[in-house]
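Work through these exercises with the structure open beside you. Try each task before you read its solution.

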Amino acid sequence: MILDSTENFTTRQASRESSIEAITIVIADDHPVVREGLVAIFKSQKDMKVIGEAIDGEEAVELCNRYLPDVLLLDLRMPRKDGLHAITELTTLRLGKPRVIVMTTYESEEDIRGAMKAGAKGYLVKGTPPQQIRESVRRVAAGDALVPPNIAAKLAESMARAELSARERQVLRYLANGRSNKEISKILVISENTVKAHVKSILTKLGAIGRAEAIAIAIKRGLIKPVH
């Protein structure tokens, strides 16, 4: 057996690395520091290339339609169009659907459930180590769905519970704002008995014994925002 010289081996290795098709990435986050940090994480990787940066969901969709990236890394809370709406819009495309990884500070059951249901393939919390972020991008680009154990546990817990309907969510938001059944019935143009039925269903689905407990549970799960 004839072994390659060190010089020949190095040349061949460099040739193979240069022939690797890089994973193209678009980053969407309204905080410049976050975008800069993510770009720096990928900059040293020969198999990854950031091809666009978006400051909101609207721009994220535009860049994905224009450049057709392999992976979109985006935040959930952004101006103009939030991450959830951007994911939903992108997953309806016939061509050029990027594989989406959510990277956010929010990890409530509702955020996780909504993102994965909309079509996200990964979910990471900001502060995740750089190596884990890079590995997540590689695996998602290769076709895997990747959710860390703690996020997966919350998702499983959420999926095991009955989901509130759109109308029940409306009623719940008005309850959290201190509205009475009569006031809610006038706002939604439905009967007071229908409101009562919705409230009963909400309590049952949330496992609450009263309105105050239902509101507390809903805030904890991310179903509604705290009232200040």
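The exercises below cover a sheet, its helices, a helix pair and salt bridges.

The model is predicted, so local features need pLDDT of at least 70, side-chain atom pairs count only at pLDDT 80 or more, and totals for chains, interfaces and linings use all residues. Residues are numbered from 1 along each chain as its sequence is written, and side-chain values use heavy atoms, with hydrogens and water left out.

**Exercise 1. The sheet**

Task: Give the order of the strands in the open sheet, and find its edge strands.

Solution:
- Step 1. Know the terms. Helices (H or I, at least four residues) and strands (E, at least two) are DSSP runs, numbered from the N terminus. Two strands pair if DSSP finds at least two bridges between them.
- Step 2. Read the order. Five strands run β2-β1-β3-β4-β5, with parallel pairing.
- Step 3. Find the edges. β2 (48-54) and β5 (122-125) each pair on one side only.
- Step 4. Check the turn between neighbours. Neighbouring strands are turned by 20° on average, direction ignored.
- Step 5. Take one pair. β3 (residues 71-74) and β4 (residues 99-104) are joined in the parallel sense over four bridges. Here Leu73 stands opposite Ile101 in β4.

**Exercise 2. Helices on the sheet**

Task: State which strands α5 and α6 touch.

Solution:
- Step 1. Set the rules. Contact means heavy atoms within 4.5 Å. Axes are lines fitted to C-alpha atoms, for helices over the stretch in contact, and angles run from 0 to 180 degrees between N-to-C directions.
- Step 2. Take α5 (residues 109-118). This helix touches β4 and β5, and its direction makes about 150° with that of β5.
- Step 3. Take α6 (residues 130-141). This helix touches β1 (23-28), β2, β3, β4 and β5, and its direction makes about 155° with that of β4.

**Exercise 3. Two packed helices**

Task: Describe how α8 and α10 pack.

Solution:
- Step 1. Get the numbers. α8 (residues 166-176) and α10 (residues 192-206) meet at about 90°, with axes 10 Å apart.
- Step 2. Classify the angle. α8 is therefore roughly perpendicular to α10. The classes are: under 35 degrees roughly parallel, over 145 roughly antiparallel, 65 to 115 roughly perpendicular, the rest oblique.
- Step 3. Name the residues. α8 gives Arg167, Glu168, Val171, Leu172 and Leu175, while α10 gives His198, Val199, Ser201, Ile202 and Lys205.
- Step 4. Sort them. The contact has five nonpolar, two polar and three charged residues. Ala, Val, Leu, Ile, Met, Phe, Trp, Tyr, Cys and Pro count as nonpolar, Asp, Glu, Lys and Arg as charged, and the others, Gly among them, as polar.

**Exercise 4. Salt bridges**

Task: Trace the salt bridges of Asp47 and Glu163.

Solution:
- Step 1. Define the bond. A salt bridge is a side-chain nitrogen of Lys or Arg within 4 Å of a carboxyl oxygen of Asp or Glu. The structure holds 14 of them.
- Step 2. Start with Asp47. Its partner is Arg138, with the closest N and O atoms 2.7 Å apart. Asp47 lies in the loop between α2 (32-43) and β2 and Arg138 in α6, so the pair ties together parts 91 residues apart in sequence.
- Step 3. Go to Glu163. Glu163 meets Lys117 at 3.1 Å, N to O. Glu163 sits in the loop between α7 (149-159) and α8, and Lys117 in α5, 46 residues apart.
- Step 4. Extend the chain of links. Arg169 and Glu163 also meet, at 3.9 Å, N to O. Arg113, Lys117, Glu163 and Arg169 form a network of salt bridges.
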